[in-house]
Amino acid sequence: MIALPEEYQYLKPDDVLKKFTDFFKDKYGVECVAALHHNKSQTNYHIHLVFAERKELSEPQVKIASRNMFYDENDRHCRTKKEILDADGNMRKGCYIIPKGESYSGHYFEPKNPYFKSRKFLQELKEGYTELINEQIGREEDRLEVYRKDSIYLPTKKIGKNNPKEEFIRKNNEEVTKWNYYAAYAAEFMSEDHVKEVKHKEVVAPVKESIASGNDVSAYGQIVNRAVRTLNNIVKEWLRIPKEYRPEAKTDLFHQLIDYCRAKLKQPRDRGWER
């Protein structure tokens, strides 16, 4: 599925479909078909694209019977004709014979390409289609970007139809949206490496620990919420520290600053972090 910006509904559907299918065929050399439509509420314009995981062989590899071949009612190959006859010498129902000289098997496609099951393929396709989508976006601020795991941001989760965890996912997405807002804000004052370090220490690592310890998945929203408040405190402290004393990312000193700002959540009034 390929989500499209709503302004795409004003383009000719046939042109959009041709552009997206041709892109896939040209890049990966396999056949694909696509359909374009809105959801019932007219809020989600998207493409369904189905593609083959195999390339068609330029010349089919067909096997020719060198002698008569006998098959029983279970499609099992038999060595002699006698094995497919009944007590009266008649061929049993469902059995059949492939005469000598006729084709009985063939390969028309290459083996499945394992690349289509890889994360690298998915990331590559997202980037390719995002660039393709942006070609039709007029304003720079409306252009799409692909989420990257190594970025300062966190991904929101899609809420499927009739999902029993809709409310839970929605609340988590709200916390993630807050993080993404403050991460972008923090990156205006410190490097992205600093923000990534906060993300890893305050979100990624705690989530992994929570999963490993068997805690309920509801802890995710709480972890992100705490990380947002910690990051906000870090920015405040960062602006108070003279530039020549600001620690580099991935240093013990910066980790001390993170720990201090997390602990500060319970102690809002103090004189600030001292190097």
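Q: Between which two strands is the loop that holds Asp75?
A: This is a predicted model, in which local features need pLDDT of at least 70 and side-chain atom pairs count only at pLDDT 80 or more, while totals for chains, interfaces and linings use all residues. Residues are numbered from 1 along each chain as its sequence is written, and side-chain values use heavy atoms, leaving out hydrogens and water. Strands (E, at least two residues) and helices (H or I, at least four) are DSSP runs numbered from the N terminus. On that numbering, Asp75 sits in the loop between strand E5 (69–71) and strand E6 (77–78).

Q: What is the phi of Asp75, a residue other than glycine?
A: Most residues other than glycine have a negative phi. Asp75 goes the other way, with a positive value. Its phi is near 65°.

Q: Is Lys250 buried or exposed, and at what relative accessible area?
A: Lys250 lies in the loop between helix H5 (219–240) and helix H6 (252–263), and has a positive phi of about 65° although it is not a glycine. Buried means under 20% relative accessible area, exposed over 50%, and partly exposed in between, using a 1.4 Å probe and protein chains only. Lys250 is therefore exposed, at 68%.

Q: What is the order of the strands in the open sheet of three strands?
A: Two strands pair if DSSP finds at least two bridges between them. E1 (residues 2–3) and E3 (residues 46–51) pair over two bridges, while six bridges join E2 (residues 32–37) to E3. E1 and E2 are the edge strands, each pairing on one side only. With antiparallel pairing, the order is E1-E3-E2.

Q: Which residue stands opposite Ile47 of E3?
A: Ile47 is in strand E3, where it is the bridge partner of Ile2 from E1. E2 also runs antiparallel to E3. The residue opposite Ile47 there is Leu36.

Q: What is the relative accessible area of Ile47?
A: Contact means heavy atoms within 4.5 Å. Beyond its neighbours within four places in sequence, Ile47 is in contact with residues including Val16, Leu17, Phe20 and Ala34. Ile47 is buried, so its relative accessible area falls under the cut-off, at 0%.

Q: With which side chains does the side chain of His46 make a polar contact?
A: His46 is in strand E3, is the bridge partner of Ala3, and is buried at 5% relative accessible area. A polar contact is a pair of N or O atoms within 3.5 Å; within protein, one must be able to donate a hydrogen and the other to accept it, and residues adjacent in sequence count only if both atoms are side-chain atoms. One such contact is 3.0 Å, to His37, and another is 3.1 Å, to His48. The side chains asked for are thus those of His37 and His48.

Q: How much space lies in the second largest pocket?
A: On a 1 Å grid over the protein atoms alone, a pocket is an open set of points where a 1.4 Å probe fits, with protein on both sides within 12 Å along at least five of seven lines. Grid points are joined across faces, edges and corners, and a volume is the space filled by probe spheres set on the points. For the second largest pocket this comes to about 590 Å³.

Q: Which residues are the closest to the centre of the second largest pocket?
A: Lining residues have an atom within 4 Å of a point, and this pocket has 20 of them. Helix H3 (166–186) and helix H4 (192–212) each supply at least two. The closest to the centre are Pro155, Lys157, Asn172, Val207 and Tyr220.
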